[in-house]
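New to this one? Here's a quick briefing to read alongside the sequence and the 3D view.

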Amino acid sequence: MAATPFSPFHHQARPKSLPSAPHPLILQCNQHLGNLEASDATSSSSSSSSLFSDKLTGLLTLHDCVEKLVLLPLTQQVLVQEGQEKWVDELLDGSLKLIDACTVAKDALLHTKECARELQSIIRRKRGGEMEVTAEVKKFLASRKVVKKAILKALGNLKGTTKRGKFSPSNKDHQTVTLVSVLKDVEEVTLSILESLLNFISGPTQSRSSNWSLVSKLMLNKKISCTQEADPNEFAKVDSALQSFVFHMASKSDKINHLQNQLENLESVIQEFVEGLETLFKRFIRTRVSLLNILNH
């Protein structure tokens, strides 16, 4: 018998049309996203290596949740629906951007670490005295320019990929819209944090004239050393200390120990970042492979 608007059959069927509650994994992802966004908002004025370590840890937790979310039957069902090709393609494109940004950051860190170790080795041996150390410092500064150039190019490629408007899937059902929104928010927040990390690794960019201005201040005003110590960016501190070492006309022997301590601190920071990025990279790869496997079956 056909149901009328006043029949009990019609009344019982209505709850089925109501949006179902989000899956617990979606709720977890949203919670992790909220924590990362809150951390990003409170730290927008200044950043430190410890803060980025916390953010990398937060990203690992978030993408561990995303890995599990992608493997849900619900997600697989949404991915293979007809008419969803556009947003699925954008999702795959976004996963490549995450992998690329992570790779650039890791490569920049490993290159800097290798140069820092070589410089520390020269400092410990001191076979050629201050001249050899100065020559190696110049090599380090030159390598940092290469790193900064690669990071600048990567940041240019990332430009426009963050803060994109939300796009609507063809299927307007609640589960599809919720899932798409979460996955795109994850991509946006992750790219934003990786972009900030790349800027942190690069350190402040200075023109040739500003470098000479810095050297002049280092020679004439000891207060600059206090500024260096207060700088939470180990990469910027080492860059500044190396520039001071190269251009300072006074004896450099008293600066070598201080420089070596800064290089050791930098190496420790790099190691922590690299470990986090390597694990994050594996998460990105596994998630992308899962997406491709779903689409190919």
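Below is a short tour, going from the overall fold to the core and then to some charged and polar pairs.

Keep in mind that this is a predicted model. The protein is built from 11 helices and has zero strands. Of its 297 residues, 45% are buried.

**Overall picture**

- Reading from the N terminus, you meet one helix after another: α-α-α-α-α-α-α-α-α-α-α.
- Take the contacts between residues at least 6 apart in sequence: 82% of them join residues at least 24 apart.
- The accessible surface adds up to about 16,200 Å², and carbon and sulfur atoms account for 56% of that.

**The nonpolar core**

- In soluble globular proteins, nonpolar side chains tend to be buried together.
- Here, the largest nonpolar core has 74 residues, and the members that touch the most others are Leu69, Val137, Phe140, Phe235 and Phe273.
- Eight helices are worth finding on screen, since α2 (24–42), α3, α4 (73–79), α5, α6, α7, α10 (234–247) and α11 each put at least two residues into this core.
- The top contributor is α5, which gives 16 residues to the core.
- For a look at one core member, pick Leu69: setting aside neighbours within four places in sequence, Leu69 is in contact with Leu25, Ile26, Cys29, Thr75, Leu179, Val182 and Leu183.

**Arg144, a buried arginine**

- You'll find Arg144 in helix α6, which covers residues 129–158.
- Arg144 counts as buried because its relative accessibility is 3%, and the cut-off for buried is under 20%.
- What does the side chain of Arg144 reach at 3.1 Å? That is the backbone oxygen of Ser202.
- The side chain of Arg144 also makes a polar contact of 3.0 Å with the side chain of Asp239.
- Beyond its neighbours within four places in sequence, Arg144 is in contact with Thr112, Ile201, Ser202, Gly203, Phe235 and Asp239.
- Phe235, one of those contacts, is also among the core residues that touch the most other members.

**Salt bridges**

- How many salt bridges does the structure hold? There are nine.
- Asp64 and Lys68 pair up through their side chains, with 3.5 Å from N to O. Both sit in helix α3 (residues 49–70), four residues apart, or about one turn of the helix.
- Asp64 is partly exposed at 28% relative accessibility, and Lys68 is partly exposed too, at 46%.
- Glu267 and Arg117 form another salt bridge, at 2.6 Å from N to O. Glu267 belongs to helix α11 (residues 253–295) and Arg117 to helix α5 (residues 85–125), so this pair ties together parts that are 150 residues apart in sequence.
- Glu267 is buried, with a relative accessible area of 17%, whereas Arg117 is partly exposed at 45%.
- Lys184 and Glu187 also meet in a salt bridge, at 2.6 Å from N to O. They are three residues apart in helix α7 (residues 174–202), about one helical turn.
- Are Lys184 and Glu187 buried or exposed? Both are buried.
- Finally, look for a network of salt bridges that links Glu67, Arg283 and Arg286.

How values were computed: Residues are numbered from 1 along each chain as its sequence is written. This is a predicted model: local features need pLDDT of at least 70, side-chain atom pairs count only at pLDDT 80 or more; totals for chains, interfaces and linings use all residues. Side-chain values use heavy atoms; hydrogens and water are left out. Buried means under 20% relative accessible area, exposed over 50%, partly exposed in between (1.4 Å probe, protein chains only). Contact means heavy atoms within 4.5 Å. Accessible areas come from the Shrake-Rupley method with a 1.4 Å probe; for residues, only the protein chains shown count as cover. A polar contact is a pair of N or O atoms within 3.5 Å; within protein, one must be able to donate a hydrogen and the other to accept it, and residues adjacent in sequence count only if both atoms are side-chain atoms. A salt bridge is a side-chain nitrogen of Lys or Arg within 4 Å of a carboxyl oxygen of Asp or Glu. A nonpolar core is a set of buried Ala, Val, Leu, Ile, Met, Phe, Trp, Tyr and Cys residues joined through side-chain atoms within 4.5 Å.
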